[in-house]
Each structure stands twice: as C-alpha cells, then as structure tokens.
Amino acid sequence: MPTATVPVPGPAQGPAPAGDAPRALVVVGGLPGGGKTTMVRRLLGDGVPGVTSLDSEQVAARWRTGSRVPYRLMRPLVHTQHRLRVLRELTGPAPVVVIADPWTSRWWRPVVLGTARAAGRAVRLVLLDVSPEDAAEGQRIRGRRIPEGRMRRHGLRWARLLRTAPEGPGVLVLDRRRAARLTLAELLGRPAD
C-alpha cells in the first residue's frame, strides 16, 4: 500500500504561546505483531530529549521479570497500567508523547484523543498497514501470539479504521517497507534538519 495521509483533529486550544514548544501526541498504530514497537525502538533508541515513549511492552517486561505467571493472566493488568501511564503522560509536562498502540479499540481512541486535546496537544497518527499474516508472523517471532478470535477482531476493526479515514495531512499510513525507512523527523511530523 502506498503512503497516504488523513486528517486528525488538532488540539482544542489554539497554538502554544510564543516561546513554548508545541506539545504533541504521536500514536503509532497497527495490528499486534505489525512492527510498531520495533519501529519506535529503532527511531527513539535509548531516548530522544523531549520525547516520552510509551508501549505496553515496557510494562509487560517489568511484570514478567521474575514472574512465573503466564502472560495471558497478566495481560489485563499490564494493559490497565499502560493505559493509566498514557493518560498521566498526556496530561503531564512532556513536550512529545509517542505511544505504540493497536489503535483498534473503539472506546480507547476517543479517550486518548480527547485527553490529548484537553491537554493542548497536537495529534499525529502513524499507522502501520501490515497484513494480518505478516502481523501473525511478527507475533510468532516475538514469541507471544494473540488468540485467533482476538486477532480477527483487531483485523476487522483495523480494516474499518483504514477504510473510513479521510485523506489530508496529519496521519501517515505506511506499509512495512516504508516504515523501515521512516526517519525520526517523519515520525514526529517535523521538518528534516
């Protein structure tokens, strides 16, 4: 699929006051196993000044350390803690918050976007359009598969999201090959240096 763009509502408030850096939210969305975490890690590495990166994998790694509890039992707690972290960071002082999220939850998207708008953040979506088969292979490689029924639901909601998104600036839709070449400036929606 070629690169496409679609609009995303900006912050409810006007531009940042002079001298203040604009606050932003960048959502990296896509099917589980589609490469969101890999792309964000490649671009942000050990950290970029002014950018806070949030991924449920960070929470899962902490919960798994020394735990003998299967992930399927920890999963609800991991995702609850991750979502609370996202909301806290969106309302906090971080200039840019980057989250990796499937972006298929019909109730979670408006919560995130509404919180970002209320906090005066511009919103940018970077959507990885990867086939369900490639995403399943990504899950196999990482050693943690999502049950078929849940993955099928993700796939149906993801296809609907891509189908109904209007065109315009604000959202970048990428295939896996283009995602592998994405630069940090493109991820953040900034002009290249």
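The paragraphs below lead through the cores, one helix, a buried acidic residue and the salt bridges of this structure. The model is predicted, so local features need pLDDT of at least 70 and side-chain atom pairs count only at pLDDT 80 or more, while totals for chains, interfaces and linings use all residues. Residues are numbered from 1 along each chain as its sequence is written, and side-chain values use heavy atoms, with hydrogens and water left out.

The largest nonpolar core holds 24 residues, of which Leu25, Ile99, Trp103 and Val112 touch the most other members. Such a core is a set of buried Ala, Val, Leu, Ile, Met, Phe, Trp, Tyr and Cys residues joined through side-chain atoms within 4.5 Å, where buried means under 20% relative accessible area, exposed over 50% and partly exposed in between, with a 1.4 Å probe and protein chains only. Among the elements that each supply at least two residues of this core are strand S2 (24-30), helix H3 (71-90) and helix H4 (108-118); helices (H or I, at least four residues) and strands (E, at least two) are DSSP runs numbered from the N terminus. The largest share of this core, 4 residues, comes from H4. A second, separate core of 20 residues includes Leu43, Leu44, Val126 and Leu187.

Leu43 and Leu44 also appear among the buried residues of helix H1 (residues 36-44), together with Lys36, Thr37, Met39 and Val40. These buried residues lie on the same side of H1, because they cover an arc of only 165° around the axis, the arc being that of the directions from the helix axis to the C-beta atoms. The face turned away from that buried side carries the exposed residues Thr38 and Arg41.

Thr37 leads on to Asp55 in strand S3 (residues 51-55), since the two side chains make a polar contact at 2.4 Å; a polar contact is a pair of N or O atoms within 3.5 Å, and within protein one must be able to donate a hydrogen and the other to accept it, residues adjacent in sequence counting only if both atoms are side-chain atoms. Asp55 is buried yet has no salt bridge, and the nearest side chain of opposite charge, Arg41, is 5.8 Å away. Lys and Arg count as positive and Asp and Glu as negative, with His and the chain ends not counted, and a salt bridge needs a side-chain nitrogen of Lys or Arg within 4 Å of a carboxyl oxygen of Asp or Glu.

The whole structure has 3 salt bridges, one of them joining Arg178 and Glu186 with their closest N and O atoms 2.9 Å apart.
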